Amino acid sequence: MDTDIQSLTHGKISQLFPHQEELISAITAKLWDGARLIVVNAPPGTGKSVVAIAIAPSGTLISTSTVHLQNQYAGYGLPVLKGRSWYECSLVPNITAEDAPCAYSQMDCLASCAYKRARAAAVSSKVTVINNSLLWVEAAYQTPLIARRSVLIADEAHKLLDDVVKSAGIEIPKRAFSTLVNNYWPPTDSDAIREWARKVMPTVRAATQAVYRKGQLRLAAVGRRLLFTLSSITRYAGWQFIPGDDSVMIIPTDGSALIKEILTRFKIVAMSACITDDFVRTHWGIDNFEYIETRCYYPPQIRPIIFLPATAIDRNATAEDYDRLAEAVCNLIRLNPSKRGVVHTVSAHLTHELAARLGNTDIAGRIVIGIGKERIKAFSRFTAIPDAVLVGPSFSEGVDFAGDLARFQVVAKIPFPDKTDPRIAHYSHGQYMSATISAFIQMYGRGVRSPDDFCVTYVVDSNFRMIRRFLPEWVKEAVVSHQ
Ligand code: SF4
């Protein structure tokens, strides 16, 4: 195993920290012992991507959930293969490889094609980075990229199952679905859906080609996605069809079967700050694995969690509950003048309720609401104002609030998964709790990104009591208020 980290990271990292060397030795020893699955719970600050690069033998895929982390690997000089929509087609102007003719028929195309070049580099490289969704597609189609690999390092491994389930299943507008299946609707009975998938595939294939020829590129791309789901249905058991008012969903009922399928192809090193042994047992349905939990190398003093229960917001919350929450959040913002902060709200609804109330206070000028498509613009506005407070539901992953970007964050609501989502509805209590803990740790980890950083996390949702005792030790040790 080559641990010349300077050459492996193209000069970006000059040497490993002792804790990284220790972790590398522990993982490689288990790999050499023949372990098929090694789960590594490593808190923020471990430098997991550097560890991943150091342990990766020739023939490794590194898979991530977010573009942010892919870019980090790209910064270390590793080739990254993204989905087709990331590459411009050089044959047809103004379209991406997603909508290019080669997606619908064999083409002997230009050597200058960016997509082809990226694929060729990914296939020939000893270590390649892809995302979890693409991983599932490549594995299902047994592409040359997969065929030569024997080790998978799943970074952000707590997202692997969700991403693979999303990639295998589909949610599409009802009208598009109806057009593509020519009104041959699937049964809701999970046994009969496989037979339906077999029968409907030629229809969908023909409809996809037809709409592509008519120039309906978006619908054709949906047709290709649907064909992929149909082919997965014919190969793996356990699917459900969920018709909604505007859209339909076809999703695997048991995503753990897909994870087990990946495990048959690779030795897996699953790394995350938010993955625990309990998570792997309850979500992935796997008992036989090696588990490594490291301590946090950021002292708890620079990442305190202060629990100040104000209220618990649930679907029955009243206007008074929202008032109480807004008052608590407002007081914490006042307590941190001249500092940037983040308020994690979990849902669009809660964001609107808070925005309406905070907008009538003396701190209104500091509030930046980041929601839906406005999220990215809001983030850039937030970074330009020295005492801004970003309020939104989706800043708990894929974004770093290092240094002055956030000196405080407020958890307005514990991130319990949404039980109305059919993918969540069948969770057992254990799965539900471990998913919640994983999401909370993800949120908590946003604020402190280096040993000389500092960020206090205030938790105002009294439901924190329900999850506190299940948190990993490195999180528990940071809780300085014990109400
Ligand atoms: S292979 Fe050809 S058609 Fe396909 S994206 Fe590249 S240039 Fe376009």
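Start by selecting helix H6, residues 132-141, together with helix H8, residues 160-168, in this predicted model: the two helices pack at an angle of about 55°, and their axes lie 8 Å apart. H6 and H8 are therefore oblique to each other, and if you turn the view to look through the pair, you will see that H6 passes H8 in a right-handed crossing.

Now show the side chains where these two helices touch. On the H6 side, select Asn-132, Ser-133, Trp-136 and Val-137, which meet Leu-160, Asp-163, Val-164, Lys-166, Ser-167 and Ala-168 on the H8 side. Colouring the residues of this contact by character will give 5 nonpolar, 3 polar and 2 charged.

Move next to helix H14, residues 319-335, and helix H15, residues 348-358, whose axes come within 9 Å of each other and cross at roughly 65°. Here, too, the handedness can be read from the view, since H14 passes H15 in a right-handed crossing. To display the contact, pick Tyr-322, Asp-323, Leu-325, Ala-326, Val-329 and Cys-330 in H14, and then add Glu-353, Leu-354, Arg-357 and Leu-358 in H15, which they meet. The residues of the contact between H14 and H15 divide into 7 nonpolar and 3 charged, with no polar residue among them.

The following stop is the ligand. Which residues are the closest to the ligand? Select Cys-89, Ala-100, Cys-102, Cys-109 and Cys-113, which are the closest of the 13 residues that surround the ligand. If you extend the selection to the whole shell around the ligand and colour the shell by character, you will find 11 nonpolar residues, 1 polar residue and 1 charged residue.

Finally, zoom out and switch to a cartoon of the whole protein chain, in which 20 helices and 15 strands can be followed. The radius of gyration of the protein chain is 23 Å, close to the 23 Å that the globule rule gives for 483 residues, so the chain is as compact as a globular protein of that length. If you align the view with the principal axes, the C-alpha atoms of the protein chain fill a box of roughly 60 × 55 × 45 Å.

Methods
Residues are numbered from 1 along each chain as its sequence is written. This is a predicted model: local features need pLDDT of at least 70, side-chain atom pairs count only at pLDDT 80 or more; totals for chains, interfaces and linings use all residues. Axes are lines fitted to C-alpha atoms, for helices over the stretch in contact, and angles run from 0 to 180 degrees between N-to-C directions. Helices (H or I, at least four residues) and strands (E, at least two) are DSSP runs, numbered from the N terminus. Angles under 35 degrees count as roughly parallel, over 145 as roughly antiparallel, 65 to 115 as roughly perpendicular and the rest as oblique. A crossing is left-handed if the near helix is turned anticlockwise from the far one by less than a right angle, and right-handed if clockwise. Two residues are in contact if their C-beta atoms, placed from the backbone, lie within 7 Å. Ala, Val, Leu, Ile, Met, Phe, Trp, Tyr, Cys and Pro count as nonpolar, Asp, Glu, Lys and Arg as charged, and the others, Gly among them, as polar. A residue is near a molecule or strand if its C-beta atom, placed from the backbone, lies within 6 Å of it. The radius of gyration is taken over C-alpha atoms; the globule rule is 2.2 Å times the number of residues to the power 0.38.
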